[in-house]
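Here are my notes on this one, as promised. Have the structure open while you go through the points.

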Amino acid sequence: MTDQPQIDVDRLTAFRHELHTHPEVSGDEHNTSARVHEFLKNLQPDEIVTGLGGVGLAAIFKGKSEGKRVLVRAELDALPIHETNTDLPYKSQCDGVGHKCGHDGHMTMIAGLAQAYSAERPERGEVVLLFQPAEETGKGAAEVCNDEKFESIRPDYAFSLHNIPGAKMGSILCKEGAFSSSVESMVIKIKGQTSHAAEPQHAVAASSIMPQIMSYMEEISAAGSTEDTFQRAALTWATAGGPNSYGTQAGSGELHYTLRTREPEKLAALWDGVVKKVNGEIKAYNETHGLTEKNGLSATFESVEPFMANMNHPEAVELVKKAAQANALEYVDMKLPNDWGEDFGYFTNLEGVKGVMFGLGSGKDTPPLHHEQYDFPDELIPKGVGVFHHMVASIDHDM
Ligand SMILES: [Zn+2]
C-alpha cells in the first residue's frame with residue numbers, strides 16, 4: 001500500500017555522525033537545535049515551528065488532502081557521560097558529554113522522514129516532526145505540551161521509538177497499555193535540631209528516624225521483586241549534618257529516592273505510603289519525646305523528574321505491528337513494560353491522542369543505554385524511517 005520512503009542514507013548517516021560529535025546535555029541543546037533546523041530548512045517543509053518548550057522545534061509537512069495530524073517525536077539531548085570509545089572517527093568533541101542513549105539516531109530517523117516527505121508529501125492529513133529538548137531530565141515533553149505554540153501542532157496520533165540494546169538488531173518491541181515505567185524521584189527533607197556532640201541526647205536528630213525510613217524503602221523493593229508486584233525504591237542520595245562538624249550532633253537530614261512502578265496509579269499509592277510512613281515515624285518520635293511539629297521533627301516532600309508511563313493505544317499498536325511486517329522486521333509482543341521511564345508518556349496521556357512508543361532492537365552484542373561506550377548503530381536508520389513512514393501512511397483518516 002505504501003511505497004518505500006525516498007531517503008538519502010549516506011546523507012543521514014553523515015548527519016548522525018555530526019550530531020554525535022557535538023552532543024549537548026538537557027536544556028542546553030542550542031547548537032543541536034540549530035543543526036536540525038538547518039537540515040530541515042533545506043527540505044522545505046510547509047512550516048517550521050521553533051522555540052517549543054525552549055529550544056524544541058517541529059517541521060510540518062501538509063498532506064495532499066485533509067485528514068488527521070500525526071506527530072513523530074525525537075529527543076535533542078545527550079547525557080553528561082564522557083565517551084570512552086575514542087576509536088570512533090566521529091567521537092564526541094565535548095568533554096564529559098556523549099550521545100549515550102542513541103538520541104542522535106532517533107533525530108536522524110525523524111530527519112529521514114523529513115527527506116521522505118520533502119520528496120513526496122503524505123497522502124492525507126499533516127505530519128509534524130518534533131525534536132523535543134530535555135528528555136533525560138523528564139522536563140522536555142511537559143514543557144513542549146504546555147507551550148502555547150503546541151496548540152497549533154496538537155496531534156490526533158503521536159509516535160516515538162527508542163533503540164533497545166540487548167534486543168535483536170532491527171526487531172520491533174511493543175505492547176498495548178504501559179510501555180515504560182512510571183518513575184518519580186522523591187526528596188525527603190527532615191528538619192530537626194542540632195546539639196553539642198557531647199550531648200546527642202539533647203538533639204532532635206533526623207538520624208533517629210532515617211534508618212526506619214531506609215529499611216521501609218528496602219522493603220518496597222523486596223516486596224516488588226516479582227513481575228506481578230514490580231515496584232522499586234532506589235536510594236540516590238542521603239545526608240545529615242555536615243562534613244568536618246565533629247563537635248555537632250546532626251539535626252536535619254535528607255533522603256533522595258527514585259520510585260518506580262509499572263502503572264501511574266501504583267506509583268501514586270507508593271508515594272502516599274512513603275509519606276505516611278515518614279509522618280508516622282515523626283509523630284511517634286515527637287510523642288515519645290514530648291515534642292510537637294514546631295519544636296520536634298518535621299518533614300517536607302518534593303517531587304523531582306517525574307516520568308509518566310507511556311500508555312500505548314491499541315489502534316496505534318496495530319499500526320506498529322503492520323509496519324513491522326511491511327518492513328520485514330520481527331515483531332516482539334512484550335509481556336511487561338520496560339523498567340525505565342520516558343517522558344514521551346506525557347504525549348500518550350494527552351486527552352484525545354492515540355499514542356504509541358515502541359522499541360527498535362539495536363543488537364545483542366552492544367553496551368547498554370547510558371554506558372560510556374554505547375553508540376547508536378547506523379544500520380537502524382532506514383529501518384526506523386521505514387516503520388514510521390508505513391505507520392503514518394496506514395492511519396485511517398475517516399475514523
Ligand atoms: Zn533515551
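1. In what order do the eight strands of the open sheet run? Going across, you get β1-β2-β4-β3-β5-β16-β6-β15, and the pairing is mixed. Bear in mind that we're looking at a predicted model throughout. β1 (47–52) and β15 (331–333) sit at the edges with a single partner strand each, so one side of each has no neighbour in the sheet. On average, neighbouring strands here are turned by 25 degrees against each other, ignoring direction.

2. For a closer look inside that sheet, try β3 (residues 65–75) and β5 (residues 157–164): they run parallel and are joined by three bridges. If you want a residue to click on, leucine 71 has alanine 158 in β5 as its bridge partner.

3. Now the helices that go with these strands. Helix α7 (residues 314–326) packs on the sheet and touches β5, β6 (172–174), β15 and β16 (354–361). The direction of α7 makes about 35 degrees with that of β16. Helix α9 (residues 380–393) lies across β3, β4 (124–132), β5, β6 and β16, and runs at about 160 degrees to β5.

4. On to the nonpolar cores. The largest has 72 residues, and the members touching the most others are Val72, Ile110, Leu113, Leu129 and Val320. Helix α3 (residues 103–119) supplies the largest share of this core, eight residues. A second, separate core has 24 residues, including Ile220, Ala250, Leu255 and Ala299.

5. Leucine 113 deserves its own entry. Leaving out residues up to four places away in sequence, leucine 113 touches Val72, Leu129, Val385, Phe388 and His389. Val72 and Leu129 are also on the list of residues that touch the most other members of the largest core.

6. How is the chain divided into domains? Domain 1 is made of 9–180 + 309–393, while domain 2 covers 182–306. Their C-alpha centres lie 37 Å apart. Eight residues from domain 1 and nine residues from domain 2 take part in the contact. On the domain 1 side, that contact has four nonpolar, three polar and one charged residues.

7. There's another open sheet to look at, this one with four strands in the order β10-β12-β8-β13 and antiparallel pairing. β10 (231–240) and β13 are its edge strands, each pairing on one side only. Neighbouring strands are turned by 20 degrees on average, again ignoring direction. Within this sheet, β8 (residues 182–191) and β12 (residues 253–261) pair over nine bridges; glutamate 184 has leucine 259 in β12 as its bridge partner.

8. Two helices pack on the four-stranded sheet. Helix α5 (residues 210–223) touches β10 and β12, with its direction at about 160 degrees to that of β10. α6 touches β8, β10, β12 and β13, and makes about 10 degrees with the direction of β8.

9. Last, a loop residue. Glycine 296 is in the loop between α6 (264–288) and β13 (298–307). Is glycine 296 buried or partly exposed? Glycine 296 counts as partly exposed, because 19 C-beta neighbours lie inside 10 Å and a buried residue needs 20 or more. Apart from neighbours within four places in sequence, glycine 296 is in contact with Val204, Tyr285, Asn286, His289 and Leu291. Glutamate 218 is 78 residues from glycine 296 along the chain, and their C-alpha atoms are separated by 26 Å.

Definitions and conventions: Residues are numbered from 1 along each chain as its sequence is written. This is a predicted model: local features need pLDDT of at least 70, side-chain atom pairs count only at pLDDT 80 or more; totals for chains, interfaces and linings use all residues. A residue is buried if 20 or more other C-beta atoms lie within 10 Å of its own, exposed if 12 or fewer, and partly exposed in between; C-beta atoms are placed from the backbone. Two residues are in contact if their C-beta atoms, placed from the backbone, lie within 7 Å. Domain bounds come from an automatic or database domain assignment. Ala, Val, Leu, Ile, Met, Phe, Trp, Tyr, Cys and Pro count as nonpolar, Asp, Glu, Lys and Arg as charged, and the others, Gly among them, as polar. A nonpolar core is a set of buried Ala, Val, Leu, Ile, Met, Phe, Trp, Tyr and Cys residues joined through C-beta atoms within 7 Å. Two strands pair if DSSP finds at least two bridges between them. Axes are lines fitted to C-alpha atoms, for helices over the stretch in contact, and angles run from 0 to 180 degrees between N-to-C directions.
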